[in-house]
Amino acid sequence: MTVLRVQDEPTFVEAYNEMVNEHNLVERLAVLELVDDGLGGAKVQKGNTQAHHKQTRGGNAAPPTKIVARPSVCSGAPERCGPAWWVGSTYDDEKAEKANDEANSAFAAKQYELAFDKYTEAIRKNPKSHAFHANRAAAALKLARYECAVEDASNAIARCQEHTGARVRLARALLGMGRVKASVDCAQELLQMSEAGDLPALTEAQRKSTDAVLRDAERESTRLARDAEAARLRAERGERAPLPPLPLPPDDAASLLLSAREVLAALCKGGAATADGGGGTSLEGARCAEVEALVHCRRYDDARRALPSLREGLDKAYLTAEVMWRSGDLRESARLLARQIAPRCDVATMSSSTSSASAFPSPSDDEAEAEALLDDTLPIELPDTHKCVALMRKVCELRRLVSRGDRQREREQFRDALESYADALAYDSSVAATRLAADLHHKRATCLHVGLLRTDDALAELDKCTALEPSHLGGGMLRASIYQDQGKHQACLLELYRVRNSAPDATDGSGNLSALWEELCAAARRCLNEEASAKDYHEQVKDASRARGELSLYALLEVDAAVSVKELKKAYRRLAAKWHPDKWVKGTETEKSEAEAKFKAIKDAYETLLGTKK
């Protein structure tokens, strides 16, 4: 596509005729539409001319398709993309002047809404007039339509660089939008160009208005700095309301997250960088709201990634501790809160056990430290009603109960351990829908299965664990082990597949997944033929799993097992185009990672099945 930039119609006609002669495309004039863009120039829009071009030239060279006029504008003005809003109107200079006169009368009578509509009508009839755009900018300012005023003032400046009144209105509109720096730059640029003689001398009213913009911008900058300092102090003191004790329903939590992200995107787009008086619609408040919504949605990993964007202070420490304990990390959550509310207290030396060289303290060590943190003699520097103090006491009590249960389980006091874990689950209503609760249900299932041989009760606890955390590795491994003990080898195999699919990258550090697979192979050998060699039946199990895996690969590519090679390739191209990472560059980090994983799985499935078909 060839694009020429011109400033006036004679240049436009000359340039276009030169291009027509060069390409020998005189006939194209009949099928091209000339559209006035209201900037003193014009642009040619391409019509249905490809076939005609081939007839006249007989080649594939790209013909010239448009000529666009784009005068420069001053700093702070937005770039216009696409056709202007008045394109397609019927131009009439006489009616435009009449509409402008009516608008001026309405403006003088302070009927700004009527004046705005009449100025709009005048622009539609004659978009080349810089005066009409500047007049509508003045009406938009009176109506506090600052974005519209910025656009109109920019259009006026684009048509007349020396229109000082439009520049004054642009500076005022930018200030109204909260773009303080852009407003100051525009006003200072106006004064400098006027003093240098590049623009006409400012009238007394225009100079007063420009000085008023600079004074208002200075006051706004001072206010913003003051609000920023107030927001910093609020964040340090942790004045934001705590999370509600009861978990939100999933739909409400999802709606809350969507709203928080919409507010955050709007504030970032508008350039809001400081807090307001209430803190509810500030950028910092919106970021905190996003983290809180992620916590309600139990998306703790995403919440951890969003935490670094928060200001340092008690609000950030509180939300970090909330994410930690809900994820199951009670120890670090309690320590973080203790460091915040009792800075003179050395948490690492609260008990002799925690000061040892061991990186993994025993449950009794954790219980001792939790009791030390709960001790009333702790030098807390915040009131007892502060959310961080209340959260620390809750986390420490939960830690004490869980540590006591772990210690009892180590001593094979399984009934006592069950009670301790039940006490932790019932301690607070906020525990019920967290990853910590999934861990506690898994621990209870371990006590029931290993210590008390109550398999059905253990499976019921594992159902609760999986409902809260489908990708819980420990719960899936324990369920597969129970099925193996019951001789349900097919159910054990399916559970192993479910664990692998829900948490493909998860490991427990002890190789239990591989060990359980070997045990499953041994059980299959005993069931099928006790006299057969271990190697033969190992291969049989692997063949069975391979066949099951191929069926899942067909499902991944959304085709049947009897699909042809041609249809397989077609399905792969369709899914690869949908999930290619380049298509998700504007998505969130979670969406990008999911798309990348999906694309890799589709590619691997295609290559595997294509090799099988061949």
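In the predicted model, arginine 299 is partly exposed, with a relative accessible area of 29%. Its salt-bridge partner is aspartate 302, and the closest N and O atoms of the pair are 2.9 Å apart. Aspartate 302, by contrast, is buried, at a relative accessible area of 12%. The residue preceding this pair in number, arginine 298, is found in the loop between helix 11 (283-296) and helix 12. Arginine 298 has a phi near 60 degrees, a positive value in a residue other than glycine. Most residues other than glycine have a negative phi. With a relative accessibility of 30%, arginine 298 counts as partly exposed.

The loop between helix 12 (300-306) and helix 13 (314-327) contains proline 308. Proline 308 is exposed, its relative accessible area being 60%. Along the chain, proline 308 and threonine 320 are 12 residues apart, and their C-alpha atoms are separated by 9.6 Å.

Salt bridges number 30 in the model. Side chains of opposite charge can pair when their charged atoms come close. One of the salt bridges joins glutamate 204 to lysine 208, with 3.4 Å between the closest N and O atoms. Because glutamate 204 and lysine 208 are four residues apart in helix 9 (residues 204-237), about one helical turn separates them. Both glutamate 204 and lysine 208 are exposed. A second intrahelical pair is formed by glutamate 397 and arginine 400, whose closest N and O atoms lie 2.4 Å apart. These two residues are three places apart in helix 16 (residues 387-410), so they too are separated by about one helical turn. An α-helix has 3.6 residues a turn, so residues three or four places apart point the same way. In contrast to the pair in helix 9, where both residues are exposed, glutamate 397 and arginine 400 are both buried. Elsewhere, a network of salt bridges links Glu102, Lys118 and Glu121.

Positive charge also gathers on the surface, in a patch made up of Lys566, Lys569, Lys570 and Arg573. Within this patch, lysine 570 has its place in helix 24 (residues 565-579). Lysine 570 is exposed, and its relative accessible area is 59%.

Helix 8 (residues 180-195) has 16 residues. From its first C-alpha to its last, helix 8 reaches 23 Å, close to the 22 Å expected at 1.5 Å a residue. The buried residues of helix 8 are Val180, Ala182, Ser183, Cys186, Ala187, Leu190, Leu191 and Ser194. Helix 8 is followed by glycine 197, which has a positive phi near 85 degrees.

A buried position is also found in helix 14 (residues 330-341), which contains alanine 338. At 0% relative accessibility, alanine 338 counts as buried because the cut-off for that class is under 20%. Alanine 338 and cysteine 388 are 50 residues apart in sequence, while the distance between their C-alpha atoms is 9.0 Å.

Leucine 453 has a positive phi of about 55 degrees, although it is not a glycine. This leucine 453 lies in the loop between helix 18 (435-451) and helix 19 (455-468). Leucine 453 counts as exposed, with a relative accessibility of 67%, whereas arginine 298, likewise a residue other than glycine with a positive phi, is partly exposed.

Methods. Residues are numbered from 1 along each chain as its sequence is written. This is a predicted model: local features need pLDDT of at least 70, side-chain atom pairs count only at pLDDT 80 or more; totals for chains, interfaces and linings use all residues. Side-chain values use heavy atoms; hydrogens and water are left out. Patches are made of residues with over 30% relative accessible area and no salt bridge: like charges are joined within 9 Å, nonpolar side chains (Val, Leu, Ile, Met, Phe, Trp, Tyr) within 5 Å. Accessible areas come from the Shrake-Rupley method with a 1.4 Å probe; for residues, only the protein chains shown count as cover. A salt bridge is a side-chain nitrogen of Lys or Arg within 4 Å of a carboxyl oxygen of Asp or Glu. Lys and Arg count as positive and Asp and Glu as negative; His and the chain ends are not counted. The place of a charge is taken as NZ of Lys, CZ of Arg, CG of Asp or CD of Glu. Buried means under 20% relative accessible area, exposed over 50%, partly exposed in between (1.4 Å probe, protein chains only). The expected span of a helix is 1.5 Å times one less than its number of residues.
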